[in-house]
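Student: I have a model open and I'd like to learn how to read its features. Can we go through it piece by piece?

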Amino acid sequence: MKERCSHCKTKYKIEPSFFYGAMYVSYPVGLVFAIATFVLAFLIFDLSLITTYCAIVVVMILSLPLILRISRNIWINFFMSFDKNNKIAD
């Protein structure tokens, strides 16, 4: 992850271990990916359970960087607010 935002220069690393809380957010975000994969593979494409399980594992591994980035963005938005001009509000 970058040190600062390229647009508003917000420092992302607010304190040591700040993004540990993003782990709690990444679990439900990962569940969304897993459930979407299950619905597509098992219910729509009518694949077997073992094939569906393998599809979920592959999707979770491939989407890990995206899940981490989404969860960090959600986590930081719990603590920082922005105004319309994409600048940090006091």
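Student: Let's start with Leu40. Which helix does Leu40 lie in?

Tutor: Leu40 sits in helix H1. Keep in mind that this is a predicted model.

Student: And is Leu40 buried, partly exposed or exposed?

Tutor: The general idea is a pair of cut-offs: under 20% relative accessible area is buried, over 50% is exposed, and partly exposed is in between. Leu40 has 43% relative accessibility, so it counts as partly exposed.

Student: What kind of surface patch does Leu40 belong to?

Tutor: A nonpolar one, and a residue needs over 30% relative accessible area to be in a patch. Here the members are Tyr27, Leu31, Ile35, Phe38, Val39, Leu40, Leu43, Ile44, Phe45, Leu47 and Leu49, and together they have about 1100 Å² of accessible area.

Student: Which helix gives the most to that patch?

Tutor: Helix H1, residues 22-44, with 8 residues. Leu31 is another patch member that lies in H1. Its relative accessible area is 36%, so Leu31 is partly exposed.

Student: Phe42 is in helix H1 too. Why is Phe42 not in the patch list?

Tutor: Check the cut-off. Patches take residues with over 30% relative accessible area, and Phe42, at 27%, is partly exposed but does not get there.

Student: How do I see what helix H1 packs beside?

Tutor: Look for pairs that are separated in sequence and check their C-alpha distances. Phe42 and Thr52 are 10 residues apart along the chain, with 5.9 Å between their C-alpha atoms. For Leu31 and Met60, the separation is 29 residues in sequence and 9.3 Å in space, C-alpha to C-alpha. Then there's Ala34 with Ala55: 21 residues apart along the chain, and 9.1 Å from C-alpha to C-alpha.

Student: Where is Ala55, and how accessible is Ala55?

Tutor: Ala55 is in helix H2. With a relative accessible area of 23%, Ala55 is partly exposed.

Student: What is there to notice about the phi of Asp46?

Tutor: Most residues other than glycine have a negative phi. Asp46 is not a glycine, yet its phi is positive, about 55 degrees. As for its place, Asp46 lies in the loop between H1 and helix H2 (49-62). Asp46 is also exposed, because its relative accessible area is 64%, over the 50% cut-off.

Student: Zooming out, how many helices and strands does the protein chain have?

Tutor: It has 3 helices and 0 strands, so from the N terminus on you read α-α-α, given that helices are numbered from that end. Buried residues make up 24% of the 90 residues in the chain.

Student: Now pockets. What is the volume of the second largest pocket, and which residues are closest to its centre?

Tutor: For a pocket, read the volume, then the lining, then its chemistry. The second largest pocket has a volume of about 160 Å³. It is lined by 11 residues, and those closest to its centre are Lys13, Glu15, Phe18, Phe19 and Arg72. By type, the lining of this second largest pocket divides into 5 nonpolar, 1 polar and 5 charged residues.

Terms used
Residues numbered from 1 in each chain as written. Predicted model: local features only at pLDDT ≥ 70, side-chain atom pairs only at ≥ 80, totals over all residues. Heavy atoms only, no water. Patch = residues over 30% accessible without salt bridge, like charges linked within 9 Å, V, L, I, M, F, W, Y side chains within 5 Å. Areas by Shrake-Rupley, 256 points an atom, 1.4 Å probe, with all protein chains shown as cover. Salt bridge = Lys/Arg side-chain N within 4 Å of Asp/Glu carboxyl O. Helix = DSSP H or I, 4+ residues; strand = E, 2+ residues; numbered from the N terminus. Buried < 20%, exposed > 50% of the residue type's maximum accessible area, 1.4 Å probe, protein only. 1 Å grid on protein atoms, 1.4 Å probe; cavity = no way out; pocket = protein on both sides within 12 Å on 5 of 7 lines; lining within 4 Å. Points joined across faces, edges and corners; volume = space filled by probe spheres on them. Nonpolar A, V, L, I, M, F, W, Y, C, P; charged D, E, K, R; others polar.
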